[in-house]
Amino acid sequence: MTLDWKLVIDCTDPHAQAAFWAEALGYEVEDNSVLVGRLLAAGVVGEEAVTPDRTAFRTLRAVRHPDDPFDPDSGTGLGRRILFQAVPEPKAGKNRLHIDLHAGPERRDAEVDRLKALGATVLRTVREPGSHHVTMADPEGNEFDVQ
């Protein structure tokens with residue numbers, strides 16, 4: 001039996017992180033306005049829990065692959081999806097889990113430049129037998145590799 005999953009990343013600003021990763025991956029930021037509207041109308045959540053435009057929750061924002069299905073009643077992706085959730089504590093230490101972006105050797109440098117323009121930083125370039133990649137950090141310092 002297989003399991004469905006989503007990657008959840010703790011962060012300070014889920015909306016900025018979602019915007020960065022949507023651009024980085026070519027994903028779409030989820031529009032949860034139908035769900036938010038339904039929960040507001042039912043009194044389940046108050047205005048303080050949602051963004052001013054009512055498309056998302058203040059402390060959560062997700063991105064999804066544009067080709068994957070999604071639930072039209074909630075806007076929630078049903079495939080490749082990353083959820084960013086606000087937490088009170090800052091990032092501390094190295095990630096134990098990270099994303100690898102597979103650009104290929106012919107596109108690696110261009111992708112690194114594009115990601116830097118989006119707000120990522122280069123931490124190091126790794127050249128070892130069988131591997132050449134660039135380790136970067138997103139705007140909140142979460143490490144990822146571009147291969």
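How many bridges join strand 1 to strand 4, and do these strands run parallel or antiparallel? The legends below describe close-up views of a predicted model, beginning with the sheet that answers this question.

**Figure 1. Strands 1 and 4 in an open sheet of four strands.** Strand 1 is joined to strand 4 (residues 81-86) by five bridges, and the two strands run parallel. One position in this pairing is aspartate 10, whose bridge partner in strand 4 is glutamine 85. Across the sheet, the strands follow the order 1-4-3-2, with mixed pairing. Strand 1 (7-11) and strand 2 (28-29) each have a single partner strand and stand at the edges, so one side of each is left without a neighbour in the sheet.

**Figure 2. The aromatic pair of tryptophan 21 and phenylalanine 144.** Three aromatic pairs are found in a search of the whole structure. In the pair formed by tryptophan 21 and phenylalanine 144, the ring centres are 4.9 Å apart and the planes stand at 70 degrees, an edge-to-face arrangement. Tryptophan 21 belongs to helix 1 (residues 14-25) and phenylalanine 144 to strand 8 (residues 143-146), so the pair ties together parts that are 123 residues apart in sequence. Both tryptophan 21 and phenylalanine 144 are buried. Together with Phe20, the residues Trp21 and Phe144 form one aromatic cluster.

**Figure 3. Histidine 133 and its surroundings in strand 7.** Histidine 133 is part of strand 7, which covers residues 131-137. Its relative accessible area is 10%; because values under 20% count as buried, histidine 133 is classed as buried. The side chain of histidine 133 makes a polar contact of 3.0 Å with the side chain of serine 131. When residues up to four places away in sequence are not counted, histidine 133 touches Arg108, Arg124, Thr125, Val126, Asp145, Val146 and Gln147.

**Figure 4. Arginine 54 in the loop between helix 2 and strand 3.** The loop holding arginine 54 lies between helix 2 (33-41) and strand 3 (60-64). Most residues other than glycine have a negative phi. Arginine 54 is not a glycine, yet its phi is positive, at about 65 degrees. With a relative accessible area of 39%, arginine 54 is partly exposed.

**Figure 5. The span of residues 7-146, annotated in UniProt as a domain.** The unreviewed UniProt entry places the feature "domain: Glyoxalase-like" at these residues. In the predicted model, the end C-alpha atoms of residues 7-146 lie 18 Å apart. Helix makes up 23% of the span and strand 29%.

Definitions and conventions. Residues are numbered from 1 along each chain as its sequence is written. This is a predicted model: local features need pLDDT of at least 70, side-chain atom pairs count only at pLDDT 80 or more; totals for chains, interfaces and linings use all residues. Side-chain values use heavy atoms; hydrogens and water are left out. Rings of Phe, Tyr and Trp (its six-membered ring) pair if their centres lie within 6.5 Å; planes under 30 degrees apart count as stacked, over 60 as edge-to-face and the rest as tilted. Buried means under 20% relative accessible area, exposed over 50%, partly exposed in between (1.4 Å probe, protein chains only). Two strands pair if DSSP finds at least two bridges between them. UniProt positions are given in the numbering used here, feature names are shortened, and annotations may be inferred rather than shown by experiment. A polar contact is a pair of N or O atoms within 3.5 Å; within protein, one must be able to donate a hydrogen and the other to accept it, and residues adjacent in sequence count only if both atoms are side-chain atoms. Contact means heavy atoms within 4.5 Å.
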